[in-house]
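Trainee: Before we look at any single residue, could you walk me through how to read a model like this one, feature by feature?

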Amino acid sequence: MLLMKLFNLATIVAACALLNTTAILAEETDHLLEIPLRTLDGEETNLGALDGKAMLIVNVASRCGLTPQYEGLEALHRKYADQGFTVLGFPCNQFGRQEPGSPAQILEFCQTNYDVTFPLFEKIE
């Protein structure tokens with residue numbers, strides 16, 4: 001459900017850019033920023049905590065062919081964090097059961113193998 005909302009927001013952003021309208025974007029962004037989330041370490045939050053930052057929202061998994069993407073995502077996060085940019089990782093187990101671990105296991109894997117410092121959230125459906 002969250003992935004669909006994020007996809008819909010991306011579509012709205014693209015449409016607003018083409019139509020040069022910001023009122024629609026502002027209204028949809030407010031709703032997105034209020035969605036309740038939980039980080040892998042159990043902290044309750046929402047995207048509003050990052051309001052004003054440029055966010056790259058990424059679906060991640062620790063047991064797929066694209067798992068090495070963590071390295072590039074972390075490099076991107078570190079390079080541009082001082083300029084108001086952040087990567088947000090959302091693990092998902094729906095695609096071939098490629099993220100079966102608990103939140104603690106996912107966090108340990110990402111920190112141990114890829115030194116991930118960008119925010120990671122609990123699995124999404």
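Mentor: Let us start at a spot in the backbone, keeping in mind throughout that this is a predicted model. Asp-115 lies in the segment after H4, and although Asp-115 is not a glycine, its phi is positive, at about 50°.

Trainee: Is Asp-115 buried, exposed or partly exposed?

Mentor: Asp-115 counts as partly exposed, because its relative accessibility is 45%, and partly exposed covers what lies between the buried limit of under 20% and the exposed limit of over 50%.

Trainee: How many helices and strands does the chain have, and in what order do the elements run?

Mentor: The chain has four helices and four strands, and, read from the N terminus, the order of its elements is α-α-β-β-β-α-β-α. Of its 125 residues, 34% count as buried. Among contacts between residues at least 6 apart in sequence, 64% join residues at least 24 apart.

Trainee: How should I read a single helix, taking H3 as the case, and which of its residues are buried?

Mentor: The general idea is that an α-helix has 3.6 residues a turn, so residues three or four places apart point the same way. In this structure, H3 covers residues 69–80, and its 12 residues reach 17 Å from the first C-alpha to the last, close to the 16 Å expected at 1.5 Å a residue. The buried residues in H3 are Tyr-70, Leu-73, Glu-74 and His-77. Seen down the axis of H3, these buried residues fall within an arc of 100°, so they line one face of the helix.

Trainee: What covers the buried residues of H3, and which exposed residues does the face turned away from its buried side carry?

Mentor: The cover over the buried residues of H3 includes strand E3 (54–60), strand E4 (85–91) and helix H4 (103–114). The face of H3 turned away from that buried side carries the exposed residues Glu-71 and Lys-79.

Trainee: How do I describe the way in which two helices pack, and at what angle do H3 and H4 meet?

Mentor: In general, two packed helices are described by the angle between their axes and the distance between the axes. Here H3 and H4 pack at an angle of about 75°, and their axes are 10 Å apart. The two helices, H3 and H4, are therefore roughly perpendicular to each other. Tyr-70, Glu-71 and Glu-74 of H3 make the contact with Phe-109, Cys-110 and Tyr-114 of H4. As for H4 itself, it has 12 residues and reaches 16 Å from its first C-alpha to its last, close to the 16 Å expected at 1.5 Å a residue, and it is followed by Asp-115, the residue with a positive phi near 50°.

Trainee: Turning to strand E4, which side chain forms a polar contact with that of Thr-86?

Mentor: Thr-86 has its place in strand E4 and counts as buried, because its relative accessibility is 4%. Its side chain is joined to that of His-77 by a polar contact of 3.5 Å, and His-77 is itself one of the buried residues of H3. Leaving aside neighbours within four places in sequence, Thr-86 is in contact with several residues, including Leu-50, Leu-56 and Pro-119. Phe-90, also placed in strand E4, counts as buried because its relative accessibility is 2%. The C-alpha atoms of Phe-90 and Leu-120 are separated by 6.1 Å, with their positions 30 residues apart along the chain.

Trainee: How do I read residues in a loop, such as the one between E3 and H3, and what does Ala-61 touch there?

Mentor: Accessibility and contacts can be read together. Ala-61 is found in the loop between E3 and H3 and is buried, with a relative accessible area of 6%. Not counting residues up to four places away in sequence, Ala-61 touches Thr-67, Tyr-70, Cys-92, Gln-98 and Glu-99. Ala-61 and Pro-91 are 30 residues apart in sequence, yet 5.4 Å apart in space, C-alpha to C-alpha. Ser-62 is found in that loop between E3 and H3 as well, and it counts as buried because its relative accessibility is 15%. With the same allowance for residues up to four places away, Ser-62 touches Thr-67, Gln-98, Glu-99 and Phe-109.

Trainee: And in the loop between helix H2 and strand E1, is Glu-34 buried or exposed?

Mentor: Glu-34, which lies in the loop between helix H2 (23–33) and strand E1 (36–38), counts as exposed, because its relative accessibility is 55%. Glu-34 and Gly-48 are 14 residues apart in sequence and 6.1 Å apart in space, C-alpha to C-alpha.

Conventions. Residues are numbered from 1 along each chain as its sequence is written. This is a predicted model: local features need pLDDT of at least 70, side-chain atom pairs count only at pLDDT 80 or more; totals for chains, interfaces and linings use all residues. Side-chain values use heavy atoms; hydrogens and water are left out. The expected span of a helix is 1.5 Å times one less than its number of residues. Buried means under 20% relative accessible area, exposed over 50%, partly exposed in between (1.4 Å probe, protein chains only). The arc is that of the directions from the helix axis to the C-beta atoms. Contact means heavy atoms within 4.5 Å. A polar contact is a pair of N or O atoms within 3.5 Å; within protein, one must be able to donate a hydrogen and the other to accept it, and residues adjacent in sequence count only if both atoms are side-chain atoms. Axes are lines fitted to C-alpha atoms, for helices over the stretch in contact, and angles run from 0 to 180 degrees between N-to-C directions. Angles under 35 degrees count as roughly parallel, over 145 as roughly antiparallel, 65 to 115 as roughly perpendicular and the rest as oblique.
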